[in-house]
Amino acid sequence: MDLVLDAADRHLLTPYVYPAGWSEGEPCRQLLSLFVITNLGALALYLLFGTLSYHFIFDHNLKKHPQFLENQVRREIAYALRSLPWISVPTVALFFAEVRGYSKLYDNIEDSPYGWSGVFLSMLSFLFFTDMGIYWIHRALHHKLLYKRFHKPHHLWKIATPFASHAFHPVDGFMQSLPYHVYPFLFPLHKITYLGLYIFVNVWTISIHDGDYRVPRLLRHVINGSAHHTDHHLYFDYNYGQYFTLWDKIGGSYKSPTAFEGKGPHDYLRKLQEKGPGVPNGPLAAKTE
């Protein structure tokens, strides 16, 4: 994050915003700058990619599903916009620790003992490490002591849109993002690679809420895509993973997506249209936790 902070200082904050006597390295200034940058960046990523996904990928026929709520898109956005500033508070503390040099982030490829291969391997290890961490944190949030208070608000959206991706309780949202921030304190990671991965994980989070269930057939039971995560929203106790199905299979929580078996939300809508308004809500409405 120091790369972003340095760029903001150089091009905007130092020449136009802060008093000339306030040093760029002063901790209070860095904290204030990081808070503003983090919130603006989160909003930009959420609204930009969420809007693109909603208009160009999300199947708007899903809004006809009985479990799609009234004014749901507006409510998802409003909930996310209320939560993101609170999520940013502990996030900024971790970014501040990075800026002050406590992480293992490095500037140049030459600083890695393994060169470009080290950068590539660190990307893979980041994905597998964070997938593992999010799996166990997510599963813990489904415990009866935590679920109702912190995670249930996200499950309000049974048939989610891309805007549900960041519509979390602040504690829930920060806890599930924690593995992303912990990784560079444990393992070396190139700074630009980290920024790229940070953008990627936000886009991925949007993508698993976009209602597009297409996955290459060979990867259907490897990649945790929108079909898997939709079933998590509908059935609660399955498919806690973020990118892969590995930890769900290890933890016994893997469920083959109903969309791959002709029983998903699109299939239900099709049957509803064929049989008329008297069709009961069926299994997709069975759990209402």
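I take helix axes as lines fitted to C-alpha atoms over the stretch in contact, with angles running from 0 to 180 degrees between N-to-C directions. The model I examined is a predicted one.

**Entry 1: helices H6 and H7**

I looked up the pair formed by helix H6 (residues 170-186) and helix H7 (residues 191-207); their axes come within 11 Å and cross at roughly 160°. Because an angle over 145 degrees counts as roughly antiparallel, I record H6 as roughly antiparallel to H7. I note the crossing of H6 past H7 as right-handed.

I then listed the residues that make this contact. From H6 they are Tyr-180, His-181 and Pro-184, and from H7 they are Tyr-194, Tyr-198, Val-201 and Thr-205. Sorted by class, I find five nonpolar residues, two polar ones and no charged ones in the contact of H6 with H7.

**Entry 2: the annotated span**

I consulted the UniProt record, an unreviewed entry, which annotates residues 124-252 as "domain: Fatty acid hydroxylase". For residues 124-252 I noted a separation of 24 Å between the end C-alpha atoms. The secondary structure of that span is 57% helix and 2% strand.

**Entry 3: Leu-31**

I located Leu-31 in helix H2 (residues 27-56). Is Leu-31 buried, exposed or partly exposed? I enter Leu-31 as partly exposed, because its relative accessibility is 34%, and partly exposed lies between the limits of 20% and 50%.

Leaving aside residues up to four places away in sequence, I find that Leu-31 touches Val-92 and Phe-96. I also checked Leu-31 against Val-99: the two are 68 residues apart in sequence, and their C-alpha atoms are 9.8 Å apart in space.

Notes
Residues are numbered from 1 along each chain as its sequence is written. This is a predicted model: local features need pLDDT of at least 70, side-chain atom pairs count only at pLDDT 80 or more; totals for chains, interfaces and linings use all residues. Side-chain values use heavy atoms; hydrogens and water are left out. Helices (H or I, at least four residues) and strands (E, at least two) are DSSP runs, numbered from the N terminus. Buried means under 20% relative accessible area, exposed over 50%, partly exposed in between (1.4 Å probe, protein chains only). Contact means heavy atoms within 4.5 Å. UniProt positions are given in the numbering used here, feature names are shortened, and annotations may be inferred rather than shown by experiment. Angles under 35 degrees count as roughly parallel, over 145 as roughly antiparallel, 65 to 115 as roughly perpendicular and the rest as oblique. A crossing is left-handed if the near helix is turned anticlockwise from the far one by less than a right angle, and right-handed if clockwise. Ala, Val, Leu, Ile, Met, Phe, Trp, Tyr, Cys and Pro count as nonpolar, Asp, Glu, Lys and Arg as charged, and the others, Gly among them, as polar.
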